[in-house]
Amino acid sequence: MKTIIQFITFSLIFAFLGFMSSCNSSSDYELTTAPSGLKYHFFNSDPGAGTGNVGDVYELNMSIANVRDSVFMKQRLMFERNRPVYSGDFHEALSLLHAGDSAVFQLQADSFFMHHGMTLPNAVKTGESILMYLKCAKIMNPIEHMIYKNEEELKRIESFLDRKGWEINTDSTGIKWERMQARSPQGEQVELGDTVEISYFYYTLEERIIQQSKPNDYWKFEVGDGSRISGLSRMLTFMREGEKTRAILPFSQAFGAGGMGALIPPFTTIVLEIEVHKLHKSRE
């Protein structure tokens, strides 16, 4: 199951929440066809906008309340629609939405939070339902979503560079790099197949440190051996032995759309600083 991709913190209030008090009784809801019987109520619907498909990404304003109409969670998020995992689940709710729609769905709390890897909030009791208010801002197919993420990333990179004032070069792959120092300008050029010993430091555009090498503890590997992120090998081929360089690796040249574990979420842009301490040419 795909996970929720959050890109703005809990800060949005939705206009359709004014309808909350009008949807307390079961008579206010419609039901999807058996066997799921998902309860829902639309505040605004535009069938002409069309619904999405499995694999599409939904841009949503979401607010979740308990059955006592007490809101305990608000998010703006991107969510990739999957096939329903259980009867009457969140993905089935998405299948009913058109771009621009606003609606409320009644979901089983235990199932929802468990299947999305979250613990049951204190505001909800075991066995209760939750009221999920959704406003669908946009529905994007996978290609449209990738274009969107690339455009969003480029704006963030430009903002980062404006703050830093770096004088950068841009590679055809989108890597932006700047030479920090050249202690050995006559050092040989790094090429694919060479073995290097480097020190490194990498972090996000928000300057959250991900990892860095320890003093005099160099990382030794073959450039372009396929076991490293492609942007690292590409960046090294811009360098000579003894040089230190920093670069911004777009997610396509770093850890991709999937990320890597908790430290590197999907679509993470990486800022990387490396120094080539030793170079062993492949002919050696």
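This is a short dialogue on reading features of a predicted model.

Q: Let's start with the strands. How many bridges join strand 4 to strand 5, and in which direction do they run?
A: Begin with how two strands face each other, then look for a residue pair and the turn. Here nine bridges join strand 4 to strand 5, and the two run antiparallel. One facing pair is N61 and R76, with R76 in strand 5. The two strands form a hairpin with four residues between them. In that turn, D69 has a positive phi of about 60 degrees.

Q: What else does R76 do, apart from standing opposite N61? Which residue is its salt-bridge partner?
A: For a salt bridge, look at the closest nitrogen and oxygen atoms of the two side chains. R76 pairs with E59, and their closest N and O atoms are 2.4 Å apart. R76 sits in strand 5 (residues 71–80) and E59 in strand 4 (residues 57–66), 17 residues apart. Next, check how covered each end is. R76 counts as partly exposed, because its relative accessibility is 25%. E59 counts as buried, because its relative accessibility is 4%.

Q: How many salt bridges does the structure hold?
A: The structure holds eleven salt bridges. Let's take another one, between E206 and R156, with the closest N and O atoms 2.4 Å apart. E206 is in the loop between strand 10 and strand 11, and R156 is in helix 3 (residues 142–164), so this pair ties together parts that are 50 residues apart in sequence. As for cover, E206 has a relative accessible area of 54% and is therefore exposed. R156 has a relative accessible area of 30%, so R156 is partly exposed.

Q: Where do R234 and D171 lie, and how do their side chains meet?
A: Their side chains meet in a salt bridge of 2.7 Å, N to O. R234 is in helix 4 (residues 230–236), while D171 is in the loop between strand 8 (169–170) and strand 9 (176–182). The two residues are 63 residues apart, so try both ends again: R234 is partly exposed at 33% relative accessibility, and D171 is buried at 11%. Salt bridges can also share partners, and in this way E191, D194 and K281 are joined into one network.

Q: Now a charged residue without such a partner. Which side chain of opposite charge is nearest to E197, and how far away is it?
A: The step here is to compare the distance with the 4 Å cut-off for a salt bridge. The nearest side chain of opposite charge belongs to K220, 4.3 Å away, and E197 is buried yet has no salt bridge. E197 lies in strand 10. It is still worth looking for other polar partners: a polar contact of 2.8 Å joins the side chains of E197 and H280. Beyond its neighbours within four places in sequence, E197 is in contact with several residues, including Y218, W219, E275 and V276.

Q: How do I read a positive phi, and where is E207 found?
A: Check the residue type, then the place in the chain, then the cover. E207 has a positive phi of about 65 degrees although it is not a glycine. E207 is found in the loop between strand 10 (195–204) and strand 11 (209–212). With a relative accessible area of 42%, E207 is partly exposed.

Q: Is N216 buried or exposed?
A: N216 counts as exposed, because its relative accessibility is 68%. The phi of N216 is near 60 degrees, a positive value in a residue other than glycine. N216 is placed in the loop between strand 11 and strand 12 (219–222).

Q: How far apart are N53 and R81 in sequence and in space?
A: Compare the two kinds of distance side by side. N53 and R81 are 28 residues apart in sequence, and their C-alpha atoms are 7.4 Å apart in space. N53 is in the loop between strand 3 (39–44) and strand 4. Not counting residues up to four places away in sequence, N53 touches Y58 and R81.

Q: To finish, how many residues of strand 13 are buried?
A: Count residue by residue along the strand, then look at its partner. Six of the seven residues of strand 13 (residues 243–249) are buried, so to speak mostly covered, because each has under 20% relative accessible area. Strand 13 runs antiparallel to strand 14 (residues 270–280), and six bridges join them. Within this pairing, I248 stands opposite V271 in strand 14.

Note on methods. Residues are numbered from 1 along each chain as its sequence is written. This is a predicted model: local features need pLDDT of at least 70, side-chain atom pairs count only at pLDDT 80 or more; totals for chains, interfaces and linings use all residues. Side-chain values use heavy atoms; hydrogens and water are left out. Buried means under 20% relative accessible area, exposed over 50%, partly exposed in between (1.4 Å probe, protein chains only). Lys and Arg count as positive and Asp and Glu as negative; His and the chain ends are not counted. A polar contact is a pair of N or O atoms within 3.5 Å; within protein, one must be able to donate a hydrogen and the other to accept it, and residues adjacent in sequence count only if both atoms are side-chain atoms. Contact means heavy atoms within 4.5 Å. Two strands pair if DSSP finds at least two bridges between them.
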